[in-house]
Structures are given as C-alpha cells and as structure tokens.
Amino acid sequence: MGTLRFRPGVLLFMLPAVLLYGVFFLLPFARTVAASVYEWNGMDEAVFVGLGNYAELARDVLFRTGFARVGLWAAAAVLLKVGIALLLATALRERIPGSRFFEGAFFVPVVISSAAISLLFILLYDPDIGLVNAALRAIGLGDYARAWLADRNTALYAVIAVPIWHTIGYFFVILLAAQRDIPREFYEAARIDGAGARATFTHITVPSLWPVLTVCAVLAVTAALKSFDYVFVMTRGGPGTATEVPVTTMYKTIFVNLQIGYGAAMATTIFSVALVATLAIRRVTRFGRI
Amino acid sequence: MSRVLLYGVLSAHALLTLFPFLWVLSNAFRESDAILTSLTLWPEHFDGANFLNLMRTTNIPRAFWNSVSITAASLAMLMATAVPLAFAIARFRFRLAECVYVFFALAVLVPAVSVLPMTFRLFNDLGLLGTKYGIALIYATEQLPISVFLLVTFMRAIPHELDEAALIDGCDLSDLFLRVVLPLSRNGIVTVLILAFVAIWNDYLTALVLLPDQQNRTLSVALAFAKDEYRVDYGMMSAAIVFAVAPMLLLYLVLKERIATGMAAGAVKG
C-alpha cells in the first residue's frame with residue numbers, strides 16, 4: 001500500500017469504480033446466487049424451491065456429461081497447451097538466429113477473437129474444402145477424412161483442439177519470459193556437472209518454473225470451464241448434444257428455455273467448480289515445489 | 001544434429017500457426033467454385049469481388065464501426081474509474097483501501113459468464129437493453145479488477161517522496177493526481193489500455209447477450225451470424241475472416257512487444 005495518510009478527498013477517487021463494480025458486478029452476482037433457490041420463468045411469480053434446483057442438477061445427465069466433457073477439455077488444455085508451450089519456450093530460451101520471427105509467429109493467433117478463430121476452423125474442418133482433410137489425403141490417410149464438426153464421434157475433439165491451437169502462443173510467451181528470468185549460472189553449473197539436455201530440463205527448468213506452471217495450469221483449466229465462444233460458434237453444442245458443455249447448457253436453459261432459477265443454479269455451480277479447481281491446483285502443486 | 005531438430009520443431013509449429021491464415025487469405029480472393037476445385041496459397045487471379053460483396057451487402061462494415069465506438073466508450077469508462085481507484089490504493093495507506101482492493105481481487109475468480117444472465121435482467125430493469133453504449137458499463141466492469149491490479153503495481157513504483165513533496169508544496173489531491181502520478185504512470189496506463197482493448201474488441205458472449213438489436217451487433221457477433229448467412233459461400237466466409245483478422249494483425253505488428261509482454265505480465269500477476 002501507499003504511504004500517504006487518509007483524507008476524505010480520496011474517497012471521491014474511489015467512488016466511481018466502487019459504484020460501477022457494485023452495481024454491475026456484485027449486484028448481478030448476488031442475484032445469481034439468490035435466484036438459484038427459486039423456480040422462475042422470468043415473468044410469473046418466482047416459487048421458492050430451496051435446494052431443489054441443485055438436487056435436480058445432480059440428476060441432470062446433460063449437465064453432468066457437460067462437466068465430463070469440460071474435464072477432458074481442461075486436461076487436454078493443461079497437457080497440450082502448457083506442454084507444447086513449455087517445449088517451445090525451452091527451445092527458444094537461448095536467442096538463436098530467427099528467434100524473433102518464431103516468437104512473433106507463435107503469438108499471432110492470440111490477438112485474434114475466438115469468434116474469428118472459430119469461423120476459420122469451420123473452414124479448416126470443412127469436409128469439402130478443408131485443409132484438415134486435404135492434409136490427410138496428401139499423406140495417404142484419406143480414409144480418415146470426414147466432416148469433423150458434424151461427426152458425433154469427432155466433434156468434441158475437433159472443438160477442443162481449437163482453443164489449444166488458439167492460445168498455445170499465450171502460454172509460450174508467459175513461459176518464455178519466465179525461462180529468461182532463470183539465472184544463467186544455474187545452467188552453467190549444470191553444464192559443468194555434465195548434465196545433458198534432459199537432465200537440465202527436469203532438474204533446472206521445470207523446478208524453477210514451477211510457480212509459473214501452476215499459474216498456467218489454473219489459467220488453462222478456468223479458461224476451459226468458461227469457454228463458450230468456440231462451442232457456440234462452431235457447433236451450438238451439437239451434433240445432438242455431442243459438444244454441449246456446462247456454459248452452453250446454462251445459456252440455453254436461461255435464454256431459450258427461460259428456466260431462470262435452474263440456469264442460475266447452473267451458473268452458481270460453474271462458478272463454484274472454477275473456484276474449487278483453482279484452489280485445488282494451487283494446493284496440489286505446492287507439493288511439487290520442493 | 002540437434003540444431004536441425006530444433007529448427008525442424010520450431011518451423012513446424014510456425015507453419016502450423018501461420019498456414020491457416022495464408023490459406024484463408026488466398027481463398028478470400030477466389031470464387032467458391034475455384035476454392036472447391038483446388039487448394040492453393042496463391043490465387044489464380046486476385047479477385048476483389050468477395051470484399052466488395054462484403055462491403056455492399058452485409059452488415060459487417062457497420063458491425064466493425066460499432067465495435068470501434070463501443071470499445072472506445074468502454075475504454076473511456078474503464079480509465080475514468082480504474083485510474084483514480086488505483087491512485088487511491090497505490091498512494092494512500094488506510095484500511096478501506098485495502099478492503100476494496102481485496103474485494104476487487106475476488107472478482108477475478110468469478111467467470112463473467114456465470115453472472116451474465118443476471119446482468120441481462122439488470123439491463124432489462126434499467127432500460128439499458130436496447131441501447132448501444134450500455135454495454136460499455138459491463139465491459140469496463142469486467143476489465144476493472146485486472147486493470148486496477150496492474151495500475152496499482154505500476155503506480156507503487158513511483159517514489160513516495162514525490163507525493164509528500166508535492167503536498168508540502170501546496171498541491172491538492174487533484175494536482176497530485178493529474179500533475180504527478182498520472183504523467184509518471186503513462187507507461188502502465190498504455191499497457192492496461194492495450195490489454196483491455198484486446199479483451200473488449202475480441203469479446204463475443206457479452207455482446208451476443210446484451211446487444212440484441214441487429215443494428216448494434218459488434219464485429220465478433222456479426223461474424224458468427226455470417227456463418228449461418230453465407231455458409232455455402234466459401235469466398236465470402238474467407239473474406240469475412242480476413243476482414244476480422246487483418247486489423248488485429250496490423251495492431252499486433254505495430255505493438256508486438258508491448259502486447260506480448262503485457263499479456264504475460266497480466267496473467268502472472270493476476
């Protein structure tokens with residue numbers, strides 16, 4: 001905190017932000033939690049149902065499978081986004097000829113909206129003109145060519161791959177900055193001790209980066225839990241319910257089915273799961289630190 | 001040998017990252033029939049028809065300007081609220097400021113998605129739903145916690161002797177804010193502006209929910225609807241994607257270091 005002593009005038013500097021935050025974040029947040037114990041269609045009188053919505057949610061197969069899908073999504077995100085980004089950042093730790101180009105290129109997709117990226121992938125996955133099928137045919141795997149987003153068996157994986165492609169660059173930049181902060185002496189000492197590339201990676205790079213890797217894991221998991229754009233633009237949750245995730249189910253429950261109370265219970269559950277996941281990752285990774 | 005492997009991996013990933021953009025750029029200048037028959041990174045002849053169609057017959061140019069004005073309004077709202085608050089927290093020591101700070105930090109844990117339905121109802125109650133700029137209040141609110149956090153970090157780095165000296169010299173609070181702290185945190189403010197710009201410009205869900213009128217659609221929302229409208233017209237789809245990607249790509253080329261390091265810092269500190 002600062003050093004100056006309090007004077008009443010300071011409150012005027014705080015007022016606009018506190019007002020904005022109170023009215024447009026805290027109020028809707030409180031109303032979400034409150035609405036979750038009512039049955040309400042947005043027009044008629046709301047009926048108090050206690051924890052009834054939550055009990056119903058626990059039995060709701062669509063919502064539960066949605067969480068299973070998003071769990072897979074989060075696991076893939078941590079392994080692939082953070083994993084690939086870590087390898088790329090390790091490869092570029094020492095500046096080599098062309099490293100500025102690679103650094104710039106890897107980050108490009110990150111500045112583009114997920115809506116535009118989703119549209120791009122609709123074309124890439126297209127059964128007739130898509131690059132994915134063209135690439136498969138080019139390497140003799142043409143039998144695997146298909147309508148990736150319309151095929152029940154592949155739609156979920158096809159969707160999950162998009163945010164991975166989209167944001168590897170983000171984690172790459174974070175991990176590159178962190179790697180370059182590791183003191184050079186660590187690496188020199190390892191070299192003198194005769195450590196190879198692999199030993200250096202597991203004994204110096206990974207332990208030094210552990211706190212940052214934890215942050216990356218939290219970011220990847222929470223991003224998976226909140227991802228709406230990719231699913232909604234590419235598949236709307238289909239074909240059938242093959243790519244339905246909790247956030248899209250909540251959106252449809254509230255805005256299409258007008259079950260406000262039930263949707264609010266979904267929202268509260270999503271928020272709680274995000275919170276628990278964040279705390280759990282921080283807790284679990286604490287052991288890896290030493 | 002390991003050099004070869006190193007460059008092989010890096011080049012493969014660079015190709016995987018850039019190739020789709022080049023492909024869609026090429027298709028934007030081709031007709032759908034040509035796109036269906038062959039795959040190329042170099043159009044047979046550069047045909048601007050897709051872009052002309054996009055400009056003349058779709059609402060995408062309008063959506064682009066909606067995005068420009070809505071983002072500008074949101075950033076103005078964000079700066080007007082976040083900067084003074086960060087000033088109070090960074091330069092003064094009192095209980096309330098600490099509480100407010102912790103309170104704001106909590107919002108980082110709540111996904112904006114889960115609050116949005118009730119924001120919609122609030123907008124309905126306040127009569128803001130049909131308006132074009134009401135959404136600026138939400139964009140500013142969504143960006144407040146991370147912006148305040150980063151601004152406080154930047155403002156704390158300014159030597160404390162400065163404000164004590166300024167107050168002794170007879171400056172009042174607004175002088176201290178406008179003449180001392182604000183100019184010295186210019187760098188931090190620019191970084192926060194860029195990060196908030198990228199986040200707000202790229203938003204889809206909030207605009208989808210809070211801007212139901214077709215004429216108020218932002219670029220992301222209009223693009224997503226374009227999918228349903230020109231699904232079979234591959235050339236048009238490609239042109240729409242290029243239209244959305246190009247401005248951000250230009251901005252990135254100009255501000256490369258700043259965007260990348262800013263986003264990395266924002267993530268780790270947040």
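**Pockets and cavities in a two-chain model**

Let's begin at an open space: helix α1(B) gives 6 residues to the lining of the second largest pocket, the largest share that any element supplies. Keep in mind as you look around that this is a predicted model.

The second largest pocket holds about 1000 Å³ of space. Its lining counts 30 residues, and the closest to its centre are Thr90(A), Ala91(A), Arg93(A), Glu94(A) and Ala197(A). Both chains take part here: α3 (61–91), α7 (155–180), α8 (184–192) and α9 (197–226) of chain A, together with α1 (2–28) of chain B, each give two or more residues to the lining. If you sort the lining by class, you find 14 nonpolar, 7 polar and 9 charged residues.

Now let's turn to the enclosed spaces. Searching the whole structure turns up 2 cavities of 30 Å³ or more. The largest cavity has a volume of about 60 Å³. To find it, look for Ile112(A), Ser113(A) and Ala116(A), which are among its lining residues, and then for chain B residues including Trp201(B), Asn202(B), Leu219(B), Ser220(B) and Leu223(B). Ala244(B) and Met248(B) belong to the lining too. Two helices of chain B, α12 (219–229) and α13 (234–269), are the elements that give two or more residues to this wall. Of these, α12(B) provides the largest share, with 3 residues. The lining is made of 7 nonpolar and 3 polar residues, with no charged ones.

The second largest cavity contains about 50 Å³ of space. Around it sit Ser67(B), Ile70(B), Thr71(B), Tyr139(B), Ile200(B), Trp201(B), Asp203(B) and Thr218(B). You have met Trp201(B) already, as a lining residue of the largest cavity. Here the helices that supply at least two residues each are α4 (60–91) and α10 (186–201) of chain B, and α4(B) has the largest share, with 3 residues. By class, this lining has 4 nonpolar, 3 polar and 1 charged residues.

Finally, a word about cysteines. Over all chains, the search finds 0 disulfides. You can still visit two cysteines of chain B and ask how open each one is. Cys99(B) has a relative accessibility of 45%, so this residue counts as partly exposed. Cys171(B), with a relative accessible area of 25%, is partly exposed as well. Both labels make sense once you know the cut-offs, because buried means under 20% and exposed means over 50%, with partly exposed in between.

Methods: Residues numbered from 1 in each chain as written. Chains lettered and ligands numbered in written order. Predicted model: local features only at pLDDT ≥ 70, side-chain atom pairs only at ≥ 80, totals over all residues. Heavy atoms only, no water. Disulfide = S-S within 2.5 Å. Buried < 20%, exposed > 50% of the residue type's maximum accessible area, 1.4 Å probe, protein only. 1 Å grid on protein atoms, 1.4 Å probe; cavity = no way out; pocket = protein on both sides within 12 Å on 5 of 7 lines; lining within 4 Å. Points joined across faces, edges and corners; volume = space filled by probe spheres on them. Helix = DSSP H or I, 4+ residues; strand = E, 2+ residues; numbered from the N terminus. Nonpolar A, V, L, I, M, F, W, Y, C, P; charged D, E, K, R; others polar.
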